[in-house]
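Keep the sequence and the model side by side. The walk below goes from charge pairs to cavities, then to the backbone and the whole chain.

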Amino acid sequence: MNDRTSANITGRISTGIAGLDDILGGGLTPQRVYLVEGSPGAGKTTLGLQFLLDGMARGEAGLYVTLSETTDELIAVGQSHGWDLTPLSIYELAGEDDLDLDAQQSVFHPSEIELGETTRKVMDRVDELQPVRVVFDSLSEMRLLAQNPLRYRRQILALKQFFSARGCTVLLLDDKTNQSDQQLHSIAHGVISLEQIARDYGKERRRVNILKMRGIRFRGGYHDYALDTGGITMYPRLVAAEHVRDFVPLVDSSGSDGFDALLGGGLIRGTNTLIVGPSGIGKTTLSTRCLLAALERGEKAAYYLFDEGLGTFFARSTQLGLDLRPYLATGQLAMCHFDPAELSPGEFAQLLRDAVEQQGMRFMVIDSLNAYLQAMPGEQFLTLQMHELLSYLNQQSVTTMMILGQHGLMAEGRTDVDLSYLSDSTVLMRFFETSGNVRRAISVIKSRTTQHAQTIHELQLGHGGVRIGAPLVGFEGVLTGIPNYRGATPMMVPVPDAGQ
């Protein structure tokens, strides 16, 4: 066994990308040959460079063999990410006379499995450097040079045997120009597939899928990743079952006595509350009131805003007496504004996970799910994603509030997606008309943890956030938007200060 590697044959070797190591359950098995495939622009070269740079940081020699890019081009790629590739050994085959297609010869002599002159130079370079890690970029050129499938397969097998005999961990890069070619999958010890998906609007989406990995247990399926300055960042798909922990489900006040009474005592830690209602009804104001109560208790909180601008949000909150800026200045509150056209679901899930595990956030608001839906490829995937996300937050004793907007102001009440069955508590807010005035109503229609109120109450927004009146026992059909008045329930008179 080669003792130059930082891992033994039963251990793992890092890919240089923390998220990918997580997906692989610890990294790659050393001294094996792996295939990294993907369309141009998916990030194969960047992944290969990160793999070699990680080895350099561990004192392991690395070699980048390139048939498709020049040394100057690779150095420029490194500079764009802020990397110094000077210590890295780059062997450039592009432009070599032995690779001239007009010469009608391949990397190997066609008559036998014997390395040609150019590949002999590569072998000599490997013997000279004794690299622990090697990146071979790319196999599409070798496929062209081989001229037929049999010779191509022999080349790959000989290449695999050559590197394996010298204890190298090798990444073979392929741009998938031949979609029907499955020979590489059977030869390689593992296959990492990178995809770049163009969207009708907004930023392209990238995702990785481990198609094959012999001898290790990995997390299958698709995982989002981003390619930006500094390299590739991968976001392993969140699996809630991997993060189970025990906690005490304490009851906390929402900051409004009236809302606490509707909930059956208050907000339970480790649960999520879904607030549903039309635009302008007060969903954000109600969630802000609950958020401020958590901050006043000393909890760290995060507000994830998709719809409203931060300037408008702070101006309106301050006007209502819900000033969050002092907590933002001390770092107790994190306000994050997102453009759904630029965000992938995996990235958002990782942000929430980092907020919980690294920053200690214990109260979160997602405003709103309608905008978050735009980052998903389909409704069914949003449901699955939110199921894992909410299960994870619940297991971490995080109190979560989600806002879901409805279409129409009065009776329609239709939403883009029904997530009520995923919520522990569901709060319904509706406009209704009476005596020529438009008023607001609020009710708790579901709670898994408490005996909530079954009544419908009038809601007012004012200084201090929300004010909840007596039950609307004199009305029928409030939730339809056009009620029938059959009693003597007094309507609340607007007041400048609402302490309830």
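A salt bridge here is a side-chain nitrogen of Lys or Arg within 4 Å of a carboxyl oxygen of Asp or Glu. By that rule, Glu-296 and Arg-289 join through their side chains, at 3.6 Å from N to O. The two ends differ in exposure, and the terms need cut-offs: buried is under 20% relative accessible area, exposed is over 50%, and partly exposed is in between, with a 1.4 Å probe and protein chains only. Glu-296 is exposed because its relative accessible area is 51%. Arg-289 has 11%, so Arg-289 is buried.

This is a predicted model: local features need pLDDT of at least 70, side-chain atom pairs count only at pLDDT 80 or more, and totals for chains, interfaces and linings use all residues. Residues are numbered from 1 along each chain as its sequence is written, and side-chain values use heavy atoms, with hydrogens and water left out.

Now the other charge pairs. Side chains of opposite charge can pair when their charged atoms come close. The whole structure has 18 salt bridges. One of them links Asp-54 to Arg-58, with N and O 2.7 Å apart. Asp-54 has a relative accessibility of 15%, so Asp-54 counts as buried. Arg-58 is partly exposed because its value is 47%. The pair also belongs to something wider: salt bridges with shared partners tie Asp-54, Arg-58, Glu-60 and Arg-133 into one network.

Which residue forms a salt bridge with Arg-205? The partner is Asp-224, and the closest N and O atoms are 3.0 Å apart. This salt bridge links distant parts of the chain, as Arg-205 is in strand 7 and Asp-224 is in strand 8, 19 residues apart. Helices (H or I, at least four residues) and strands (E, at least two) are DSSP runs, numbered from the N terminus. Arg-205 and Asp-224 are both buried.

Arg-205 leads on to the cavities. Rolling a probe the size of a water molecule over the atoms shows where empty space is left. On a 1 Å grid over the protein atoms alone, a cavity is a set of points where a 1.4 Å probe fits but cannot get out; lining residues have an atom within 4 Å of a point. Points are joined across faces, edges and corners, and a volume is the space filled by probe spheres set on them. The structure has 5 cavities of 30 Å³ or more.

The largest cavity has a volume of about 150 Å³. Its lining has 13 residues, and Lys-203, Glu-204, Arg-205, Tyr-225 and Ser-344 lie nearest the centre. Strand 7 (205–213) and strand 8 (222–228) are the elements that each give two or more residues to this lining. Strand 8 gives the most, with 3 residues.

What kinds of residue line the two largest cavities? Ala, Val, Leu, Ile, Met, Phe, Trp, Tyr, Cys and Pro count as nonpolar, Asp, Glu, Lys and Arg as charged, and the others, Gly among them, as polar. The largest cavity has 5 nonpolar, 1 polar and 7 charged residues in its lining. The second largest cavity, of about 50 Å³, has 3 nonpolar, 7 polar and no charged residues in its lining. That lining includes Leu-263, Thr-271, Ser-425 and Thr-450.

Next, the backbone. Most residues other than glycine have a negative phi, and most peptide bonds are trans. Asp-137 and Ser-138 are joined by a cis peptide bond, with omega about 0°. Ser-138 sits in the loop between strand 4 (133–137) and helix 5 (139–146). Another cis peptide bond joins Asp-367 and Ser-368, with omega about 5°. Ser-368 is in the loop between strand 15 (363–367) and helix 13 (369–373).

Phi of Gln-130 is positive, near 50°. Gln-130 lies in the loop between helix 4 (117–129) and strand 4. Its relative accessible area is 45%, so Gln-130 is partly exposed. Ser-397 also has a positive phi, about 65°. Its loop runs between helix 14 (379–395) and strand 16 (399–407). Ser-397 is buried because its relative accessible area is 12%.

Last, step back to the whole chain. The protein chain has 14 helices and 23 strands. Of its 500 residues, 55% are buried. A contact means heavy atoms within 4.5 Å. Among contacts with a separation of 6 or more, 68% are between residues 24 or more positions apart.

Notes:
On a 1 Å grid over the protein atoms alone, a cavity is a set of points where a 1.4 Å probe fits but cannot get out, and a pocket is an open set with protein on both sides within 12 Å along at least five of seven lines; lining residues have an atom within 4 Å of a point.
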